[in-house]
Amino acid sequence: MKLQPDRTEGVNAVAAFSGTECLIQGKLHRGSLIAPWRGDVQAWACRSVAELRSEDMEALAALAPELVILGTGTKLKFPPSALLQPLMRRRIGFETMDSAAACRTFNVLVGEARSVVLALMVDAD
């Protein structure tokens with residue numbers, strides 16, 4: 001599914017998402033990933049909410065966004081609230097949704113010049 005028709009220079013936007021692959025700024029990414037609004041998209045070892053650790057949230061918080069969007073695969077699954085402490089301490093917003101919705105929401109927010117990070121689990125159960 002094509003999500004973003006135009007490329008915005010210097011801003012990461014999801015051009016397409018298939019459920020297992022994500023096209024961002026002309027580069028195809030397979031597997032889970034972390035995409036900040038600007039900068040390098042990184043592979044992410046976390047494939048499901050069950051694998052999510054406090055260290056993962058610390059790494060997301062270190063990117064200093066306004067908001068983190070967690071895409072949990074084809075099904076919406078919420079992480080334990082205790083894991084959100086690193087984000088809460090820094091007053092960083094957090095939203096959880098299925099991965100396709102997370103990609104769409106990420107695009108809307110980066111289109112508004114918001115500092116947002118997409119933490120995408122594409123292989124989640």
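**Notebook: salt bridges, cores and helix α3**

I began with the charged pairs and found that Arg 114 forms a salt bridge with Glu 66, where the closest N and O atoms are 2.8 Å apart. Arg 114 sits in the loop between α3 and β8 (116–120), while Glu 66 sits in the loop between α1 and β6 (67–71), so this pair ties together parts of the chain that are 48 residues apart in sequence. I note here that the model is a predicted one. I then looked up how open the two partners are: Arg 114 is partly exposed at 30% relative accessibility, and Glu 66 is partly exposed at 36%.

I next asked how many salt bridges the structure holds. The count is 5.

One of them joins Arg 90 to Glu 58, with the closest N and O atoms 3.3 Å apart. This pair also links distant parts of the chain, since Arg 90 lies in the loop between α2 (85–89) and β7 (93–97) and Glu 58 in helix α1 (residues 54–62), 32 residues apart. Both partners are partly exposed, Arg 90 with a relative accessibility of 41% and Glu 58 with one of 28%. I also noted that salt bridges with shared partners join Glu 58, Arg 89 and Arg 90 into one network.

Another salt bridge runs between Arg 30 and Glu 21, whose closest N and O atoms are 2.7 Å apart. Here I find Arg 30 exposed, with a relative accessible area of 61%, whereas Glu 21 is partly exposed at 25%.

I then turned to the interior, where the largest nonpolar core has 22 residues, and the ones with the most contacts inside it are Val 14, Cys 22, Ile 69, Phe 106, Leu 118 and Leu 120. The elements giving two or more residues to this core are β1 (14–17), β2 (21–24), β4 (33–36), β6, α3 and β8. Which element gives the largest share of this core? I find that α3 does, with 6 residues.

I followed Cys 22 further and found that, leaving out residues up to four places away in sequence, Cys 22 touches a set of residues that includes Val 14, Phe 17, Leu 33, Cys 103 and Leu 120. A second, separate core of 18 residues includes Ala 61, Val 68, Leu 83 and Met 121.

I gave the next entry to α3, which covers residues 99–111. At 1.5 Å a residue, the 13 residues of α3 should span 18 Å, and the end C-alpha atoms are 18 Å apart, which agrees. Its buried residues are Ser 99, Ala 101, Ala 102, Cys 103, Phe 106, Asn 107, Leu 109 and Val 110, and I see that the buried residues of this helix pack against β1, β2, β4, β6, β7 and β8. At the N-terminal end, Asp 98 caps α3 through a side-chain oxygen that lies 3.1 Å from the backbone nitrogen of Ala 100. Just after the helix, Ala 113 takes a positive phi of about 65 degrees.

My last look was at Ser 99, which counts as buried because its relative accessibility is 2%, under the 20% cut-off. A polar atom of the Ser 99 side chain lies 2.9 Å from the backbone oxygen of Met 121. With neighbours within four places in sequence set aside, Ser 99 is in contact with Phe 17, Gly 71, Thr 72, Gly 73, Leu 120 and Met 121.

Methods: Residues are numbered from 1 along each chain as its sequence is written. This is a predicted model: local features need pLDDT of at least 70, side-chain atom pairs count only at pLDDT 80 or more; totals for chains, interfaces and linings use all residues. Side-chain values use heavy atoms; hydrogens and water are left out. Helices (H or I, at least four residues) and strands (E, at least two) are DSSP runs, numbered from the N terminus. Buried means under 20% relative accessible area, exposed over 50%, partly exposed in between (1.4 Å probe, protein chains only). A polar contact is a pair of N or O atoms within 3.5 Å; within protein, one must be able to donate a hydrogen and the other to accept it, and residues adjacent in sequence count only if both atoms are side-chain atoms. Contact means heavy atoms within 4.5 Å. A salt bridge is a side-chain nitrogen of Lys or Arg within 4 Å of a carboxyl oxygen of Asp or Glu. A nonpolar core is a set of buried Ala, Val, Leu, Ile, Met, Phe, Trp, Tyr and Cys residues joined through side-chain atoms within 4.5 Å. The expected span of a helix is 1.5 Å times one less than its number of residues.
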